[in-house]
Amino acid sequence: MVTSVPRLVVAAPSSGSGKTTVATGLMAAFAARGLAVSPHKVGPDYIDPGYHALATGRVGRNLDAYLCGPELVAPLFLHGARGCDLAVVEGVMGLYDGAAGEGELASTAHVAKLLRAPVVLVVDASSQSRSVAALVHGFASWDPEVRVGGVILNKVGSDRHEALLREALDQAGVPVLGVLRRVAQVDTPSRHLGLVPVAERRTDAVDAVAAMAAQVEQGCDLEALLGLARSAGALSCPPWEPPVTTAEKRAVVAVAGGPAFTFSYAEHTELLTAAGAEVVTFDPLRDEELPEGTAGLVVGGGFPEVYAAELSANEPLRKAVAELALSGAPVAAECAGLLYLCRELDGKPMCGVLDASARMSERLTLGYREAVAVGDSVLAVAGTRMRGHEFHRTVVEPGAGAAPAWGITAPARRVEGFVQQGVHASYLHTHWASEPGVARRFVERCRTS
């Protein structure tokens, strides 16, 4: 099978150059022209895909060569981009920055090569003129397998500044496909773990995406960018598909959502559904009961620390979650879910499923992890190896139960998380597409518990 989806990878020399503004603006601008645009994000970040979804009306999807393996990047891309006219992939950090100590693995450049996609380099030009040519030349020539097809200049100060930049880049041989002037930043507020998610500021987020689209529409050559996207090489792999399990009766799996629990990979729900689950989303901030017939519970990532008082005040739901866990029903909790299952969070009562307390910390815990299942659980059999990602400013004490969820084997050896009865709770974010048996095992336990 040979498949060609027009596509661009939006990259930058470093974080803070304007990738999110340009990528999201391009998505929205092309969508406004009637194109079906598939949005993607390199790396494990959950927040940017929420803005991408607003821009395109499609689910934002992640492409992470560390979590899923390089071999799944193109199939997952084709799965998400099926039926689309164009795909825009927002990069992560600087173009060549990947997993620490792993060379190019999981870098934007690595993903661009796996997708055979041209790269558009977003350059913060605010403090340079002729030097921009040396910068772009270096990035364009560093790896001959990475095709930098054009540059978008950001934070350009004046017509004279733009002329100097264009003259310099003429000599570098890389076309300028857009110029964005130095203007007040689009209102996308940040806090302790990055941008505030869309679910917490829906109306303002819609306005922000519209502003990004207007800025890009005015400053970029959309026809030239579309032409570049159409030059992407064909991919010979088939699209990824979640393995389907035939079941007479579908098990109801409740998945936490709402403003406090916004982090989830789209493929998780697809895998649960394919494994025989009826996935029902609920909001722990507002719903006082679990969905009717709940046989299993998934509580992913998010910001329960921001909503600790409101979550605590919903005592009926906290009791329902505790009763479900006590019954032995499967419960999978990642990061925010781990905090919610604790006895308390910053002194506020939580579900009390785990004999542990959680609190905010000044220290940021961030990075990829290699992990192995210490014992059998509702997600995996002992010895199952997975890769994950941690990203939090909280601490849970103790950090592991009598039966830990994972043994972290790299970058440092330790045990982490909790397995008790049907509960699997951990700080580790994993991508189930890398190990589809996780979803199958979980749903099967939902049927038999």
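**Figure 1. Contacts that reach far along the sequence in this predicted model.** Take the contacts between residues at least 6 apart in sequence: 76% of them join residues at least 24 apart. As you trace the chain, look for the 13 helices and 22 strands of the protein. The radius of gyration is 23 Å, and the globule rule gives a close 22 Å for 449 residues, so the protein is as compact as a globular protein of that length.

**Figure 2. The overall extent of the C-alpha trace.** Laid along its principal axes, the trace spans about 70 × 45 × 45 Å. Within the protein, 58% of the 449 residues count as buried.

**Figure 3. The exposed surface and the charges.** About 17,600 Å² of the protein is exposed, and carbon and sulfur atoms supply 50% of that area. The protein carries 39 positive and 49 negative charges, and the mean positions of these two sets are 3 Å apart.

**Figure 4. A close-up of T108 in helix α4.** Helix α4 covers residues 108-115, and T108 lies in this helix. Is T108 buried or exposed? With a relative accessible area of 0%, T108 is buried, because anything under 20% counts as buried.

**Figure 5. The neighbours of T108.** Leaving aside residues up to four places away in sequence, which residues does T108 touch? Here you can find V9, A11 and V42, together with G91, V92, G94, L95 and D97. These contacts go with a residue that has a relative accessible area of 0%.

Terms used
Residues numbered from 1 in each chain as written. Predicted model: local features only at pLDDT ≥ 70, side-chain atom pairs only at ≥ 80, totals over all residues. Heavy atoms only, no water. Helix = DSSP H or I, 4+ residues; strand = E, 2+ residues; numbered from the N terminus. Rg over C-alpha atoms; globule rule 2.2 N^0.38 Å. Buried < 20%, exposed > 50% of the residue type's maximum accessible area, 1.4 Å probe, protein only. Contact = heavy atoms within 4.5 Å. Areas by Shrake-Rupley, 256 points an atom, 1.4 Å probe, with all protein chains shown as cover. Lys, Arg positive; Asp, Glu negative; His and termini not counted. Charge placed at Lys NZ, Arg CZ, Asp CG, Glu CD.
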